[in-house]
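Welcome! Please open the model in your viewer and get ready to select a few residues along the way.

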Amino acid sequence: MEITASAGVVQARQLARALAQECRFSLVEQTKLITAASELARNTLIHGGGGTMTARLVDERGRRGVRLVFSDDGPGIPDVELALTDGWTSGGGMGLGLSGSRRLVDDFVLDTTPRQGTTVTITKWAR
C-alpha cells in the first residue's frame, strides 16, 4: 500500500489492526503493533517523503505473526545508532518513533543507506 499522504498512515494502522485480529492477538498486542505501524508509517511519510508498506501474516518455526515492511526512497538515516536513541529527533517529534517501535515488536530490522532510502521490517508474534 502507498503511504503518500496522512490517509496512508490511517490505512496502515487499519491493515495492521485487521491482520493482528486475524492472528488472534490480545488487545494489548494489537495495540503494540498498531502503534508501531502508525509511528513507522508517519516516519515513512514525513522523513522519507512517502513510500510503501507491505503487510502479511507469517508462519515460521511453529509461530504465527504479522510482518510489516515500510520502505521509502528518501534521504536515509546517516547515524542509525543515534536515530535509535530514545529522545533523539531529527524533527519536532518526541524522539520515540524508531526506538519506541523497536520496543513494541518482537523483531525489528532497519536497513538504510544515506541518499538511497530506508526499509524497516517489523514482526510481532502471537503469544
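Let's begin with a single residue: is isoleucine 122 buried or exposed? Isoleucine 122 is buried, because its relative accessibility is 0%. Keep in mind throughout that this is a predicted model.

**Stop 1: isoleucine 122**

Select isoleucine 122, and you will land in strand 5. Now show what surrounds this residue. Setting aside residues up to four places away in sequence, isoleucine 122 touches Leu33, Ala36, Leu40, Val66, Arg67, Leu68, Phe70, Val105, Asp107 and Phe108. For a distance to try in the viewer, pick the C-alpha atoms of isoleucine 122 and glutamine 11: they lie 17 Å apart in space, while the two residues are 111 apart in sequence.

**Stop 2: the whole chain**

Zoom out and switch to a cartoon view. How many helices and strands does the chain have? You should find four helices and five strands. Followed from the N terminus, their order is β-α-α-β-β-α-α-β-β. The radius of gyration is 14 Å, close to the 14 Å that the globule rule gives for 127 residues, so the chain is as compact as a globular protein of that length. Along its principal axes, the C-alpha trace spans about 35 × 25 × 25 Å.

Of the 127 residues, 42% count as buried. Turn on a surface, and about 6900 Å² of the chain is exposed, with carbon and sulfur atoms supplying 50% of that area. If you colour by charge, look for 15 positive and 14 negative charges, whose mean positions are 7 Å apart. Contacts also link distant parts of the sequence: among those between residues at least 6 apart, 59% join residues at least 24 apart.

**Stop 3: the nonpolar core**

Next, hide the surface and look inside. Which residues touch the most other members of the largest nonpolar core? In this core of 27 residues, they are Leu33, Leu68, Phe70, Leu98, Phe108 and Ile122. Helix 1 (6-22), helix 2, strand 3 (63-72), strand 4 and strand 5 each give two or more residues to the core. Helix 2 supplies the largest share, six residues.

**Stop 4: leucine 33 and phenylalanine 70**

Stay with helix 2 and select leucine 33, which is found there. Leucine 33 counts as buried because its relative accessibility is 0%. Beyond the residues up to four places away in sequence, leucine 33 touches Ala16, Ala20, Phe25, Val66, Leu68, Ile122 and Lys124. The C-alpha atoms of leucine 33 and glycine 97 are 13 Å apart, with their places 64 residues apart in sequence.

Now move to phenylalanine 70. Outside its neighbours within four places in sequence, phenylalanine 70 is in contact with Ile3, Ala37, Leu40, Ala41, Thr44, Thr52, Met53, Thr118, Thr119, Val120 and Ile122. The last name in that list takes you back to the residue of the first stop.

**Stop 5: helix 4**

For the final stop, select residues 97-104, which form helix 4. Which residues of helix 4 are buried? They are Gly97, Leu98, Ser99, Gly100 and Ser101. To see what covers them, display elements including helix 2 (27-46), helix 3 (80-83), strand 4 (107-113) and strand 5 (117-125).

Finish with serine 99, which is found in helix 4. Why does serine 99 count as buried? The reason is its relative accessibility of 2%, since buried means under 20%. Leaving out residues up to four places away in sequence, serine 99 touches Leu84, Thr85 and Asp86.

Key: Residues are numbered from 1 along each chain as its sequence is written. This is a predicted model: local features need pLDDT of at least 70, side-chain atom pairs count only at pLDDT 80 or more; totals for chains, interfaces and linings use all residues. Side-chain values use heavy atoms; hydrogens and water are left out. Buried means under 20% relative accessible area, exposed over 50%, partly exposed in between (1.4 Å probe, protein chains only). Contact means heavy atoms within 4.5 Å. A nonpolar core is a set of buried Ala, Val, Leu, Ile, Met, Phe, Trp, Tyr and Cys residues joined through side-chain atoms within 4.5 Å. The radius of gyration is taken over C-alpha atoms; the globule rule is 2.2 Å times the number of residues to the power 0.38. Accessible areas come from the Shrake-Rupley method with a 1.4 Å probe; for residues, only the protein chains shown count as cover. Lys and Arg count as positive and Asp and Glu as negative; His and the chain ends are not counted. The place of a charge is taken as NZ of Lys, CZ of Arg, CG of Asp or CD of Glu.
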